[in-house]
Amino acid sequence: MLKSRLLKDRIARHYMLTATVMAIFFLFLIGGGLFLKSLPIMQEKGLWTLLTTSNWRPFKGDFGFASYILSTLYVTGIAIIIALPLSLLTSIYIIEYASPKILRAFSSVVDLLAGIPPVIYGVWGTLTIVPFISKSIAPHFVEFSTGYSVLAAGVVLAIMIIPLIISILMEVFSAVPKEMREASMSLGATKWQTVKKVVIRKSIPGVIAATVLAISRAFGETLAVLMVCGNFTDLPKSIFDACYPLPALIANNYGEMMSVPQYESALMFAAFLLFFIIVLFNVISRLVLIQIDKRYQL
Amino acid sequence: MELITAPLITVPLTIEQPKFKVMNGSHSLNPHIVVENLNIFIKGNHILKDINMTIPDKSITCIIGPSGCGKTTLLRSFNRLHDDNVDVKIKGKLFVDGEDIYTKDTEVTHIRKKMGLLAQRPCSLPMSIIDNVVYGPRLHGVRGRRKLYEIARHQLVAVGLWDEVKDRLKTPASTLSIGQQQRLCLARGLAVEPEIILGDEATSALDPISSKTIEELFVTIKDKYTVVLVTHTLRQAKRIADYVAFMYMGELVEFGTADQLFNHPKNQLTKEYISGGFS
C-alpha cells in the first residue's frame, strides 16, 4: 500500500520534471535553430554590416537590418509610452477607487478586449487611425504622410497591449495587502497618498514585470502592425514616416524567399534578432528586479 | 454612563498589580470615546447591536469576548476603517473628544490622525525603518531631515527599538523580526502624536517575549494615551486592563473596571466566560 503510493509520487515527480525540462529545452532549440540557419549570412556579410546598414536589396545581395531594427524599437517604444500611463491610471482607479460592481464589469471587459484577434485591431487601425493621422495630425508637423506610419503602428499596438497590461496590473495592485493600506490610512493618509507612497511603491516589481511582458508582446506583434505600418524599407525620419518592423519583414517575405540566394538565411537572421532582443530584454529586466529586491526588499 | 458613577477603588490593591491600580486611581475620569447606540450591519447581518459605552482617557480598556463577537468590528469603527467597505452600514453615534465622527463633514484623515492602530500582524510599510516612523509626520507636512530624524529617534527610543536599529535606520523595515516590526508600528503610530492607541490583538502573532515587551509598552504609554485593545487572551486583559468590555454575539454584555469585571462580574455570561466556561 505504502509502496505504491511512494511509487506514484516518484513517477509524478519525474513526469513533471520531464515536462519542465522540455519547456526550457524548446527555448534553446528555437534559439539554436535560428542561429544555425542565420549563420551563413552572418559569415558572409559580417554581423556589424548586417546590423548597421539599411540597404535592403535581396536581388543584389544587400541585406541591411538597421531600418527594421529601428522600426521595431520605435513602434514598441511609442506603444509603451502611450499604453503604460493609461494602463497604470486605469488599473489604479479600478482597484483602489471603483466600487466592486464596476470592478467586476470592468474585469470582464478587459478579458474580452485581450481576446480580440490582432487582425481586427489591424483592420480597425487601417480604417480609423491611419486616415486620422494622415488628415488631422500629420499636416501639422510634416508636408505629407499617407498615415501608414510609425505612429499608426504604435497607436494600434498600444491599444492592443493596454488590456494585457491592465489585467496584469490589476492583479499586481490587488496583491498589495489590505493591512498595508489600512496602516497608511490609519496614520491619516488620504487615499491618493496611500496609493502613491504605499501601493505603487510596493507594486514596483510587479509593474516592471508587467511592462516587460507587454514590451515582449509588442516586439513580436506582427499582423496588426503590418497592416498599418506601411511596410517601407527606409530609416523612418519622423513618426509620420512608414516603417517596417522585423516581424512584418518575416511575415511578408517568408513565402517568396526560395528563389533568391541568402534570402532564407537573412530572414532567419531577422527572426534570430527578434528572438535575441526579447531574450536579452527579459534577462536585463530580471536582473533589475533582483537588484530592486536586494535593495528594497519590498 | 454607569461607568462614571462606578466606584474606582473598592477592593484592596492586589499584590501583582499594585502599580496599575494606583495609577488608575490617580487620574481623573474623562470620557474620551463615547459610543451611542452603535449598530453595524455587514452585508445585511447585524454584527453590532446597540452598543453604548464610554471609554475613559489615559487608561487601558480591553475589549474581550469569544471569536466573532464583533470586537474587531467595534474597534475598527473607532477610526472609520469601515469607510471603504461598501458592505458595511453603520448607524448610531460615535464621539471622540465630544465630536461626532460619523457626520458628513467630519474629515476622516483628521479622525485617524488622532489614533494609532496596531494590527494583529505588524504591517511595516514598504520602505526603510526610519521612513516608516516618519511616514505619518511627513504626510502631515513635517519637513526637514533633522526634525524628522529627531522624531524617529524619539519614538524609537520610546518603544525600546532604538538601540537595536540605530545603525541600520536606512535598511528596509521588512528585515526586522516580527516582534521588532510590531514595536516599529507602534513607534510609527506614536509619531503622528495621536491621543488614542488602538490595538487589534496586537500581540497575538508575536512570540511571548515580544508580546511581553509590547504589553509593557502599553502600560508605560497609558499616562499619555488612551489605549483600547481587543484581546483574545484573558490573562493579558487581567494583567494590563484598567477597564474591560465583555462582548458576546454583537452585544456589549458588561463594561466596568478590571477589578469589577474580573472579580465581581454582574452578568452570568461574563462569569462563565472569565472562568473559562466557553471561549
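This report walks through a predicted model of two chains, A and B, from the domains of chain A to a sheet in chain B and then to the contact between the chains.

**The two domains of chain A**

Let's start with chain A, which is divided into domain 1, residues 2–51, and domain 2, residues 66–296. Taken over C-alpha atoms, the centres of these two domains of chain A are 27 Å apart. Where they touch, domain 1 of chain A brings 12 residues and domain 2 of chain A brings 10. On the domain 1 side of this contact, α1 (2–45) and α2 (47–52) of chain A each supply at least two residues. The biggest giver on that side is α1(A), with 10 residues. Sorted by class, the domain 1 side that touches domain 2 of chain A has eight nonpolar, two polar and two charged residues.

**A helix pair in chain A**

Two packed helices are described by the angle between their axes and the distance between the axes. In chain A, helix α8 (residues 191–220) packs with helix α11 (residues 263–296) at an angle of about 175°, and their axes are 10 Å apart. Because of that angle, α8(A) is roughly antiparallel to α11(A). If you would like to find this contact on screen, the residues of α8(A) that take part include A:I204, A:I208, A:V212 and A:F219, while those of α11(A) include A:L274, A:F281, A:V288 and A:I292. By class, the contact of α8(A) with α11(A) has 14 nonpolar, four polar and one charged residues.

**The sheet in chain B**

Now over to chain B, where six strands form an open sheet in the order β6-β7-β8-β3-β9-β10, with mixed pairing. Strands β6 and β10 (251–257) of chain B stand at the edges with a single partner strand each, so one side of each has no neighbour in the sheet. On average, neighbouring strands of this sheet are turned by 15° against each other, direction ignored.

Strand β3 of chain B (residues 60–64) is mostly covered, with five of its five residues buried. In a regular strand the side chains alternate between the two faces of the sheet. For β3(B), both faces are covered: B:I60, B:C62 and B:I64 are buried on one side, and B:T61 and B:I63 on the other.

The strand β3(B) pairs in the parallel sense with strand β8 (residues 226–230) of chain B over four bridges. It also pairs in the parallel sense with strand β9 (residues 243–248) of chain B, again over four bridges. Some residue partners from these pairings are listed here.

| Residue in β3(B) | Partner | Strand of the partner |
|---|---|---|
| B:C62 | B:L229 | β8(B) |
| B:I63 | B:V230 | β8(B) |
| B:T61 | B:Y243 | β9(B) |

A helix also lies on part of this sheet: α9 (residues 178–191) of chain B lies across β6 and β7 (196–200) of chain B and runs at about 170° to β6(B).

**Where the chains meet**

How many residues does each chain bring to the contact? Chain B gives 23 residues and chain A gives 21. On the side of chain B that touches chain A, α4 (108–113), β6 (115–118) and α6 (135–139) of chain B each supply at least two residues. That side of chain B has 13 nonpolar, six polar and four charged residues. Strand β6(B) therefore links two parts of this tour: it stands at an edge of the sheet and supplies at least two residues to the side of chain B that touches chain A.

Notes
Residues are numbered from 1 along each chain as its sequence is written. Chains are lettered from A and ligands numbered from 1 in the order in which they are written. This is a predicted model: local features need pLDDT of at least 70, side-chain atom pairs count only at pLDDT 80 or more; totals for chains, interfaces and linings use all residues. Two residues are in contact if their C-beta atoms, placed from the backbone, lie within 7 Å. Ala, Val, Leu, Ile, Met, Phe, Trp, Tyr, Cys and Pro count as nonpolar, Asp, Glu, Lys and Arg as charged, and the others, Gly among them, as polar. Domain bounds come from an automatic or database domain assignment. Axes are lines fitted to C-alpha atoms, for helices over the stretch in contact, and angles run from 0 to 180 degrees between N-to-C directions. Angles under 35 degrees count as roughly parallel, over 145 as roughly antiparallel, 65 to 115 as roughly perpendicular and the rest as oblique. A residue is buried if 20 or more other C-beta atoms lie within 10 Å of its own, exposed if 12 or fewer, and partly exposed in between; C-beta atoms are placed from the backbone. Two strands pair if DSSP finds at least two bridges between them.
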